[in-house]
Amino acid sequence: MSQTPLRLEIESLTRAFGGRPVVDDVSLTVAAGQVTCLLGPSGCGKSTTLRIIAGVERADTGTVRIDGRAMAGPGLHLPPERRGVGMMFQDFALFPHLSVAANVGFGLSGDRALRDRRVAELLERVNLAGFAAKHPHQLSGGEQQRVALARALAPRPRVMLMDEPFSGLDNRLRDGIRDTTLEILKEEGAAVVLVTHEPDEAMRMADEIALMRGGRIVQRGAPYNVYNAPVDKAAAAFFSDVNVIRGVSRGALTETPFGAFLTPGHADGAAVEIVIRPQHLKIDFDRAGRGPNPTPQDGTPARGVVTRARYLGRESLVDFRMDLDGSKLTASVPGVFLPRPGTALWLMIRRDRCFVFGARAGGQEVSARPA
């Protein structure tokens with residue numbers, strides 16, 4: 001069985017501005033046909049990392065290799081045009097005075113007939129075959145995005161770099177255009193690095209997510225694994241709202257309104273945080289008002305009083321104040337469920353969906369452990 005060739009390698013990249021590290025020891029590999037997403041909040045270093053790969057920005061230390069050939073390293077810095085990379089940015093950067101066909105063919109050289117054939121092929125693939133003579137101002141945002149994609153792919157780049165390319169699009173168009181873009185990128189076989197701050201976009205498009213924070217990659221893996229096995233509380237909270245139940249570990253157990261949780265690996269007296277997403281906080285509709293009837297998986301039910309409920313379209317969010325300790329929790333319920341404030345309901349939690357972390361001390365958190 002042939003192995004997918006490794007197309008992009010970056011190793012131990014660092015970059016500081018004014019003495020402040022912006023990219024801090026970042027390493028990454030991306031295979032041909034793979035989409036890796038650099039995901040994180042604004043200012044975490046993901047766009048600077050992308051610019052270093054492109055050659056637009058110089059790293060202070062570290063190396064960049066494409067198809068095994070060094071592009072940047074000690075005493076070496078090849079310019080972007082010699083790296084074989086394609087780039088797409090948020091503003092598309094189309095030339096307003098050129099036609100669609102001229103924009104797509106701008107980076108091509110060689111035989112005119114071959115160039116025209118490549119342009120026609122790409123316009124067909126992005127569903128713009130009849131738009132060759134139009135100019136950018138005559139196109140919608142989604143059409144401009146597809147022209148930008150075709151232009152970036154025209155020279156057959158080995159690596160495609162995309163910096164928030166869909167953020168300027170209308171929400172109604174975004175999903176369809178992302179799916180079309182992903183299909184074409186996979187067919188071209190380029191190694192793709194996509195920068196975004198939107199978890200949904202990363203989950204939808206990436207084969208691998210590299211979650212960044214403070215200039216570093218804090219977790220890297222398949223979307224399923226990054227979502228379901230977060231490295232810390234902040235990683236869990238980046239993908240969705242979370243409930244946090246705080247307690248103290250005593251003899252590898254932590255007491256909560258939902259009974260005792262196993263918290264191995266935490267010293268006696270250590271503060272811990274049990275994290276659970278709203279969709280895994282369950283309301284016992286069948287026995288509401290009639291007391292608990294637990295199952296082994298759900299553990300001990302606890303009673304809470306509704307403080308607010310709102311309908312979001314596909315789901316309802318219900319906020320509770322727990323009877324036992326006054327803590328606040330939020331449950332997500334599919335469809336319409338809008339109990340009045342003051343309604344008392346029994347709640348249960350999916351223990352297999354909880355994460356246990358050591359409470360922050362000096363800015364650090366203990367890794368997640370099953371509850």
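**Close-up views of a predicted model**

**Figure 1. Helix α5 lies across three strands, β3 (35-39), β8 and β9 (191-196).** This view, like the others here, comes from a predicted model. Relative to β8, α5 runs at about 160°. The helix covers residues 171-188, and Arg174 is found in it. Is Arg174 buried or exposed? With a relative accessible area of 10%, Arg174 is buried. Leaving aside residues up to four places away in sequence, Arg174 touches Phe166, Ser167, Leu169, Glu198 and Glu201.

**Figure 2. The sheet beneath α5 is an open one of 6 strands, in the order β7-β8-β9-β3-β10-β11.** Its pairing is mixed. Two strands, β7 (85-89) and β11 (216-221), form the edges, and each of them pairs on one side only. On average, neighbouring strands of this sheet are turned by 20° against each other, direction ignored. At one end of the order, 5 bridges hold β7 to strand β8 (residues 159-163), and these two run parallel. To find your place, look for Met87, whose bridge partner in β8 is Leu161. Helix α4 (residues 141-153) packs on this sheet too, touching β7 and β8. The direction of α4 makes about 165° with that of β7.

**Figure 3. A second open sheet has 5 strands, in the order β2-β1-β4-β5-β6.** Here the pairing is antiparallel. The edge strands are β2 and β6 (76-77), each pairing on one side only. Helix α1 (residues 46-54) packs on the sheet and touches β1, β2 and β4 (61-66). Its direction makes about 120° with that of β1. At the β6 edge, 2 bridges join that strand to β5 (residues 69-73), and the two run antiparallel. One residue to look for is Ala72, which has His77 as its bridge partner in β6.

**Figure 4. Strands β1 and β2 make a hairpin with 2 residues between them.** Strand β1 spans residues 6-17 and strand β2 spans residues 20-31; 9 bridges join the antiparallel pair. Within this ladder, Ile10 has Leu28 in β2 as its bridge partner. And which residue in the turn has a positive phi? That residue is Gly18, with a phi of about 60°.

**Figure 5. Helix α1 is largely enclosed by the rest of the structure, because 7 of its 9 residues are buried.** The buried residues are Lys46, Thr48, Thr49, Leu50, Ile52, Ile53 and Ala54. Just after the helix comes Gly55, which takes a positive phi of about 95°. Also in this view, the side chains of Arg51 and Glu57 meet in a salt bridge, 3.7 Å from N to O. Arg51 counts as partly exposed, at 37% relative accessibility, whereas Glu57 is buried, with a relative accessible area of 15%.

**Figure 6. Glu121 meets two arginine side chains in salt bridges, Arg118 and Arg156.** The N to O distance is 3.2 Å for Arg118 and 4.0 Å for Arg156. Why are Glu121 and Arg118 separated by about one helical turn? They are 3 residues apart in helix α3 (residues 112-125), so about one turn lies between them. Arg118 is buried, with a relative accessible area of 5%, while Glu121 is partly exposed at 32%. The salt bridge between Arg156 and Glu121 links distant parts of the chain, 35 residues apart: Arg156 sits in the loop between α4 and β8, and Glu121 in helix α3. Arg156 is exposed, with a relative accessible area of 52%. Elsewhere, salt bridges that share partners join Arg174, Asp175, Arg178, Asp179, Glu198, Glu201 and Arg204 into one network. In total, the structure holds 29 salt bridges.

**Figure 7. Tyr311, Val336 and Leu338 make a nonpolar surface patch of about 310 Å².** Tyr311 lies in strand β17 (residues 302-311). With a relative accessible area of 42%, Tyr311 is partly exposed. For the wider setting, the protein chain has 8 helices and 22 strands. Its accessible surface comes to about 17,700 Å², and 50% of that belongs to carbon and sulfur atoms. Buried residues make up 47% of the 371 residues in the chain.

How values were computed. Residues numbered from 1 in each chain as written. Predicted model: local features only at pLDDT ≥ 70, side-chain atom pairs only at ≥ 80, totals over all residues. Heavy atoms only, no water. Pairing = 2+ DSSP bridges. Helix = DSSP H or I, 4+ residues; strand = E, 2+ residues; numbered from the N terminus. Contact = heavy atoms within 4.5 Å. Axes fitted to C-alpha atoms, helices over the stretch in contact; angles between N-to-C directions. Patch = residues over 30% accessible without salt bridge, like charges linked within 9 Å, V, L, I, M, F, W, Y side chains within 5 Å. Areas by Shrake-Rupley, 256 points an atom, 1.4 Å probe, with all protein chains shown as cover. Buried < 20%, exposed > 50% of the residue type's maximum accessible area, 1.4 Å probe, protein only.
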